[in-house]
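Here is a short walk through one model, going from its charged pairs to its core and its odd backbone spots. Keep the viewer open while you read.

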Amino acid sequence: MKKIFILFYSLGLCVFSLSVQAISPEALPLQSAWEHANYELIGKQQIEAFESLIKKADAIKKQSPQQADVLIWRGIIYASYAGIKGGLGALSMAKTAKADLEKAIELDDQALNGSAYTTLGTLYYKVPGWPLGFGDKATAEKLLINALRLNPQGIDSNYFYALFLLDDKQYKKAESYLFFAKKATPRADRPLADKGRLMEIDHALAEVNTHLNNQRHANTVN
C-alpha cells in the first residue's frame with residue numbers, strides 16, 4: 001500500500017491579505033500538543049505522544065461535536081498519526097480524518113482560513129485510490145485550490161499545493177509555490193510551527209532543484 005506520509009501540520013493560520021482567525025479555547029490545546037509532538041519528538045516518544053493526543057482529541061470532539069476548528073484539528077491529528085504509523089491501520093485513521101474535515105467544511109468552510117481544504121486535499125492525493133482507499137488526484141487539486149482561494153498567501157496553503165505539484169512532476173510550478181510559501185508572513189503565535197514548516201519547504205525545494213537539474217542535463221545530452 002502506498003504509505004500515507006503526511007507531516008501535518010501547522011495548518012492554515014497563515015496570512016498576508018487575510019486576517020488570522022482566532023482559534024477557540026477548545027481547539028487550542030490540540031494545536032499546541034500537535035506542534036510539540038510533530039516537531040519536537042521522534043521515534044517512540046512521538047508515537048506515544050500522538051496516541052495520547054488521539055484520546056484528547058476524541059474527548060474534545062465529544063464535548064464540541066459541532067465546532068469546526070475542533071474537527072479540523074482532530075482531522076489533522078489523525079492524518080498525522082496515519083503518516084507516522086503507516087500500514088493498513090493508517091487508512092482507517094485517514095478515513096476518520098476525512099470525515100472530520102468534511103464535517104468541518106459543512107459547518108464552516110472558512111474556519112481557520114480554509115484549513116480543512118488543505119488537509120483534506122492532501123489526504124486525497126496521498127491516500128491510495130479505489131478499491132483500497134478514497135484517493136483521487138482531481139479531487140485533491142480542487143480542494144487545494146479552494147484552500148488557496150481562501151488563504152492565497154498562507155505558508156501552508158502554498159506549501160501543500162506545491163507538494164501536490166511536485167508529486168505530479170510539475171517541478172517548475174511547484175518551485176514557484178514553494179518560494180511563495182517561504183515568503184509568507186511569520187505567525188507571531190506559532191514560531192515552532194513556522195520553523196518546522198520552513199525546514200520542510202527547504203527540503204522540498206532541494207528535491208525540486210534536483211529534478212530540474214536532471215531535466216536540464218537530459219535536455220543538454222539530447
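Are R190 and E35 buried or exposed? Both R190 and E35 turn out to be buried. Keep in mind that this is a predicted model.

## How far to trust it

The chain averages a pLDDT of 90, and 90% of its residues reach 70 or more. The weak part is residues 1-20, where pLDDT stays under 50. The model still has 100 contacts beyond four places in sequence for residues 1-20, so treat that as a statement about the model, with pLDDT being the predictor's own confidence in each residue.

## The R190 and E35 pair

Back to that buried couple. R190 makes a salt bridge with E35, and their closest N and O atoms sit 2.2 Å apart. R190 is in the loop between α8 and α9 while E35 belongs to helix α1, so the pair ties together parts that are 155 residues apart in sequence. In general, side chains of opposite charge can pair when their charged atoms come close.

E35 has company in its helix: the buried residues of α1 are L30, Q31, W34, E35, A37 and N38. What covers them includes α2 (43-63), α3 (68-85) and α9 (191-221). The geometry of α1 (residues 28-40) also checks out: at 1.5 Å a residue, its 13 residues should span 18 Å, and the end C-alpha atoms are 18 Å apart, which agrees.

## A salt-bridge network

The whole model has 14 salt bridges. Among the residues involved, D156, R187, D194, R197 and E200 are linked in a network.

Start with D156 and R197, which form a salt bridge with the closest N and O atoms 2.5 Å apart. D156 lies in helix α7 (residues 155-167) and R197 in helix α9, so this pair ties together parts that are 41 residues apart in sequence. D156 has a relative accessible area of 0%, so it is buried. R197 is buried as well, with a relative accessible area of 0%.

R197 also meets the side chain of E200 in a salt bridge, 2.0 Å from N to O. Because R197 and E200 are 3 residues apart in helix α9, about one helical turn separates them. E200 counts as buried at 14% or less, to be exact at 12% relative accessibility.

## The nonpolar core

Which residues have the most contacts inside the largest nonpolar core? They are I77, L123, Y159 and L178, in a core of 63 residues. Helix α3 supplies the largest share of this core, with 11 residues.

Take L178 as a sample. Leaving out residues up to four places away in sequence, L178 touches Y159, A162, I201, A204, L205 and V208. Y159 is itself one of the residues with the most contacts inside the core.

## A buried glutamate in α8

E175 is found in helix α8 (residues 171-182). With a relative accessibility of 14%, E175 falls under the 20% cut-off, so it counts as buried. Beyond four places in sequence, E175 touches L205, V208 and L212. L205 and V208 are also among the residues that L178 touches.

## Backbone oddities

Most residues other than glycine have a negative phi, and most peptide bonds are trans. A few spots here go the other way. What is the peptide bond from W130 to P131, cis or trans? That bond is cis, with omega near 10 degrees. P131 is found in the loop between α5 (115-126) and α6 (137-150).

The other spots are L112 and N113. L112 has a phi near 50 degrees, a positive value in a residue other than glycine. N113 has a positive phi too, of about 55 degrees, although it is not a glycine. L112 is found in the loop between α4 (88-108) and α5, and N113 lies in that loop between α4 and α5 as well. As for exposure, L112 counts as buried at 3% relative accessibility, and N113 counts as buried at 5%.

How values were computed. Residues numbered from 1 in each chain as written. Predicted model: local features only at pLDDT ≥ 70, side-chain atom pairs only at ≥ 80, totals over all residues. Heavy atoms only, no water. Helix = DSSP H or I, 4+ residues; strand = E, 2+ residues; numbered from the N terminus. Expected span 1.5 Å × (residues − 1). Buried < 20%, exposed > 50% of the residue type's maximum accessible area, 1.4 Å probe, protein only. Contact = heavy atoms within 4.5 Å. Core = buried A, V, L, I, M, F, W, Y, C linked by side-chain atoms within 4.5 Å. pLDDT = per-residue confidence, 0-100. Salt bridge = Lys/Arg side-chain N within 4 Å of Asp/Glu carboxyl O.
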